[in-house]
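Hi everyone, thanks for making time. Today I'd like to talk about empty space in a protein, and then about a couple of residues. Have a look at the structure while I talk.

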Amino acid sequence: EPSPLNYTGVTRSRDRGKTWTPLERFDVGFPREGKTIGQGPTELMILGKQSTLFLSTHSRHLANDWRSWFLSSDDSFKTWSKPSEVPGRLTNRTFIRNHIVTRDGRIMAPFQHYIGPDDEQHKKPLDRAFTNPRNGILISSDRGKTWSEHGNIRLTPNDRYFGWAENNLVELSDGRIVMIIRADGLGGMLYKAESKDGGKTWPDFASVMPIPNPGSKATLYSLGGDTVALLHNPNSRHRSPMALWISFDGMKTWPYQRILQKESCDGPTGRMNYPDGFVSKDNQWLHFAFDDNRHRAVHYSAKLPPLK
């Protein structure tokens, strides 16, 4: 990562996951050479029969020619539209993250965009690519055909701040949209920002949350009303354990805290990364997967407590 040798594969199950077809390489329509030799999907949205895939391309390293695109399919990934550029400034140096669908039917997808420094004092190419991050959301009211950009959230006024965001969204009962943000090197805690007008406007700076985080992706899940589940590593120094926290008051407090897996299959030095999943329709289970120390994917189904 971001090696151009990486590829995306598709496998299909027609018996609810019992058996799977052989893995097939997925072709987005760009040549694996030149400015698009590197190709990496960041978010796949499946809404009804339509799928929308966001991806990034680069010319061997993300610091060079990094561009962001989206394409769609309405036949279960068999055929795809031609890639279109993510709009505006987000065409360059941008990752699109996990979407939500609001109660009024809008799609919201958070982004992490990098301004980068004005000079070349950073010696490492990645330092130049991932410097001065800005966070916000894309909103679509026409099921992903067109998008508008909102927010320019920072974690620090330091223009040379280097870090990932892997931001995540949830909608609360009063229409507020809350974004949590991974904050590498800023004290080992999660940060958050809120929009009080349904995602249209956001504060200039996010604020620290009283939730430990080692610099790892955390994901939010609406359980209805102001009840929110958080899947994360509640440790300021290491990506373990894997835990489920639940707030019943719109993320003010987190009285329900449960360790799902104490440590990696490789022991206490192993890391558990990038949890992502969904809540069952009956709100009884949180089904998710995570990367166990870079060498295996783990599926986990966590039984949810009775919800208030």
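I'll go through the cavity, then the pockets, and then two single residues.

Before anything else, keep in mind that this is a predicted model. So how do you look for empty space at all? Rolling a probe the size of a water molecule over the atoms shows where empty space is left.

Okay, the cavity. How many cavities of 30 Å³ or more does a search of the whole structure find? The search comes back with 1. The space in this largest cavity is about 70 Å³.

Who sits around it? The lining is made up of Tyr7, Thr8, Phe26, Val28, Arg32, Gln39, Gly40, Pro41, Leu53 and Leu55. If you sort the cavity lining by class, you get 6 nonpolar residues, 3 polar ones and 1 charged one. Two strands, E3 (38-47) and E4 (50-58), each bring at least two residues to that lining. E3 has the largest share, with 3 residues.

Now the pockets. The largest pocket holds about 2500 Å³ of space. It has 50 lining residues, and the ones closest to its centre are Pro41, Thr42, Glu43, Leu44 and Asp276. You've heard one of those names already: Pro41 also lines the cavity.

Which elements give two or more residues to the lining of this pocket? They are strand E1 (9-10), E3, E4, strand E20 (272-279), strand E21 (285-292) and strand E22 (296-303). E3 gives the most here, with 9 residues. By class, the lining of the largest pocket splits into 22 nonpolar, 15 polar and 13 charged residues.

On to the second largest pocket, at about 670 Å³. Its lining has 24 residues, and nearest the centre you find Ile100, Tyr221, Ser222, Phe278 and Val279. Strands E8 (100-101), E12 (168-171), E16 (219-222) and E20 each put two or more residues into that lining. So what does the mix of classes look like here? This lining has 8 nonpolar, 12 polar and 4 charged residues.

Right, let's zoom in on single residues. Find Thr52, which belongs to strand E4. Is Thr52 buried or exposed? Thr52 counts as buried because its relative accessible area is 5%, and the cut-off for buried is under 20%. Setting aside neighbours within four places in sequence, Thr52 is in contact with Glu43, Leu44 and Met45, and also with Phe70, Leu71 and Ser72. Glu43 and Leu44 should ring a bell, as they were among the residues closest to the centre of the largest pocket.

My last residue is Ser13, in the loop between E1 and strand E2 (24-25). Ser13 has a relative accessibility of 25%, so it is partly exposed. What does the side chain of Ser13 reach? It makes a polar contact with the side chain of Asp15, at 2.9 Å. The Ser13 side chain also reaches the backbone oxygen of Thr19, again at 2.9 Å. Not counting residues up to four places away in sequence, Ser13 touches Lys18, Thr19 and Trp20.

One more number for a sense of distance: Ser13 and Tyr256 are 243 residues apart along the chain, and their C-alpha atoms are separated by 35 Å.

That's my tour. If you take one thing back to your desk, take E3, which gives the most to the lining of the largest pocket and has the largest share of the cavity lining too. Thanks for listening!

How values were computed. Residues are numbered from 1 along each chain as its sequence is written. This is a predicted model: local features need pLDDT of at least 70, side-chain atom pairs count only at pLDDT 80 or more; totals for chains, interfaces and linings use all residues. Side-chain values use heavy atoms; hydrogens and water are left out. On a 1 Å grid over the protein atoms alone, a cavity is a set of points where a 1.4 Å probe fits but cannot get out, and a pocket is an open set with protein on both sides within 12 Å along at least five of seven lines; lining residues have an atom within 4 Å of a point. Grid points are joined across faces, edges and corners, and a volume is the space filled by probe spheres set on the points. Helices (H or I, at least four residues) and strands (E, at least two) are DSSP runs, numbered from the N terminus. Ala, Val, Leu, Ile, Met, Phe, Trp, Tyr, Cys and Pro count as nonpolar, Asp, Glu, Lys and Arg as charged, and the others, Gly among them, as polar. Buried means under 20% relative accessible area, exposed over 50%, partly exposed in between (1.4 Å probe, protein chains only). Contact means heavy atoms within 4.5 Å. A polar contact is a pair of N or O atoms within 3.5 Å; within protein, one must be able to donate a hydrogen and the other to accept it, and residues adjacent in sequence count only if both atoms are side-chain atoms.
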